[in-house]
Amino acid sequence: DSSLPTDKYSKISRKSRGIYKYVWSIHGLTTTRARYFFRFDTFFMTQTFGLLGHPLGHSFSASYFTEKFAKLELDAVYRNFDFAEVPEALAHILSIENLKGFNVTIPHKQAIIPHLATLSPEAREIGAVNVVKTVPRPEGGYELHGHNSDWIGFTQSLLTLLPEDFSGISALILGTGGASRAIAYSLRRLGIPFLFVSRQKK
């Protein structure tokens, strides 16, 4: 079957060839679709994660996750995707084989949304995305699903600082970007009133 891989993973591919053909014979699937459902080849490949933003010179995410992957003995890498424009970034990112997902930081947390197939309910309400899950398509490429974990991290951190009764507490949010939107969402869920402070008039 010419559609089966012949790269450095060919030994693994030969082992799984019989399973692909079995799936095809039982379910009438093409070899390509069998590979999509079982994906034995990519299972043995290095998994790629990363961070999309600009600029990223200050970010420690790559070193942090590289250390974590090594400690957990995971065959994975975490790369910085430093691009000023989202379309240019995605043209590069989505060409990466065995891409599992990527984080999003300033200034793309809102700009990434039109390029996503779905949004989690939280990300939709917040209006910002900082986590993108990639799902391989049978025909190749990826489908992108947006999530927001900023509000979870903020909520968990804030709860360790709040008194047991915080009914009289209010908050002031500095800025109106993607992270500020997640903070506002968290405060609304906690029932804490807040105001935004911005350098720009709204």
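Trainee: What makes residues 1–27 a stretch to read with caution in this predicted model?

Mentor: The pLDDT stays under 50 over residues 1–27, on a scale of confidence that runs from 0 to 100. The model nevertheless has 36 contacts beyond four places in sequence for this stretch. Residues 31–41 also have a pLDDT below 50, with 34 contacts beyond near neighbours in sequence. Where pLDDT is low, the predicted coordinates should not be read in detail.

Trainee: What is the mean pLDDT of the protein chain?

Mentor: The mean is 84, and 78% of the residues reach 70 or more.

Trainee: How do you know that strand 1 and strand 2 pair, and in which sense?

Mentor: Pairing requires at least two bridges. Strand 1 (residues 47–53) and strand 2 (residues 76–82) share seven bridges in the parallel sense, so the criterion of at least two is met. Within this pair, Thr48 stands opposite Val77 of strand 2.

Trainee: Why is the unit of strand 1, helix 4 and strand 2 called right-handed?

Mentor: The term applies if, with the strands pointing away from the viewer, the path from the first strand over the helix to the second runs clockwise. Strand 1, helix 4 (residues 61–71) and strand 2 make a β-α-β unit of the right-handed kind. Helix 4 lies across strand 1, strand 2 and strand 3 (99–104), and runs at about 175° to strand 2. Angles over 145 degrees count as roughly antiparallel, so at about 175° helix 4 is roughly antiparallel to strand 2.

Trainee: What makes strand 2 and strand 4 edge strands?

Mentor: Six strands form an open sheet with mixed pairing, in the order 2-1-3-5-6-4. Strand 2 and strand 4 (118–119) each pair on one side only. Inside that order, strand 5 (residues 131–136) and strand 6 (residues 142–147) pair in the antiparallel sense over six bridges, and Gly146 of strand 6 is the bridge partner of Val132.

Trainee: What is unusual about the backbone at Pro55, Pro107 and Glu73?

Mentor: Most residues other than glycine have a negative phi, and most peptide bonds are trans. The bond joining His54 and Pro55 is cis, with omega about -5°; Pro55 lies in the loop between strand 1 and helix 4. The bond from Ile106 to Pro107 is likewise cis, with omega near 5°, and Pro107 belongs to the loop between strand 3 and strand 4. Glu73 is not a glycine, yet has a positive phi of about 55°; its place is the loop between helix 4 and strand 2.

Trainee: Why is helix 7 called oblique to helix 8?

Mentor: Helix 7 (residues 150–159) and helix 8 (residues 178–190) pack at about 55°, with their axes 8 Å apart. Roughly parallel would require an angle under 35 degrees, and roughly perpendicular one of 65 to 115. The angle therefore makes helix 7 oblique to helix 8. Their crossing is right-handed. Residues making the contact include Trp151, Phe154 and Leu158 of helix 7, and Ala182, Ile183 and Leu187 of helix 8.

Trainee: How do you know that strand 7 and strand 8 pair?

Mentor: Strand 7 (residues 171–174) and strand 8 (residues 194–197) are joined by four bridges in the parallel sense, which means that the requirement of at least two is satisfied. Ile173 stands opposite Phe196 in strand 8. With helix 8, these strands make a right-handed β-α-β unit.

Methods. Residues are numbered from 1 along each chain as its sequence is written. This is a predicted model: local features need pLDDT of at least 70, side-chain atom pairs count only at pLDDT 80 or more; totals for chains, interfaces and linings use all residues. Side-chain values use heavy atoms; hydrogens and water are left out. Helices (H or I, at least four residues) and strands (E, at least two) are DSSP runs, numbered from the N terminus. Contact means heavy atoms within 4.5 Å. Axes are lines fitted to C-alpha atoms, for helices over the stretch in contact, and angles run from 0 to 180 degrees between N-to-C directions. A crossing is left-handed if the near helix is turned anticlockwise from the far one by less than a right angle, and right-handed if clockwise.
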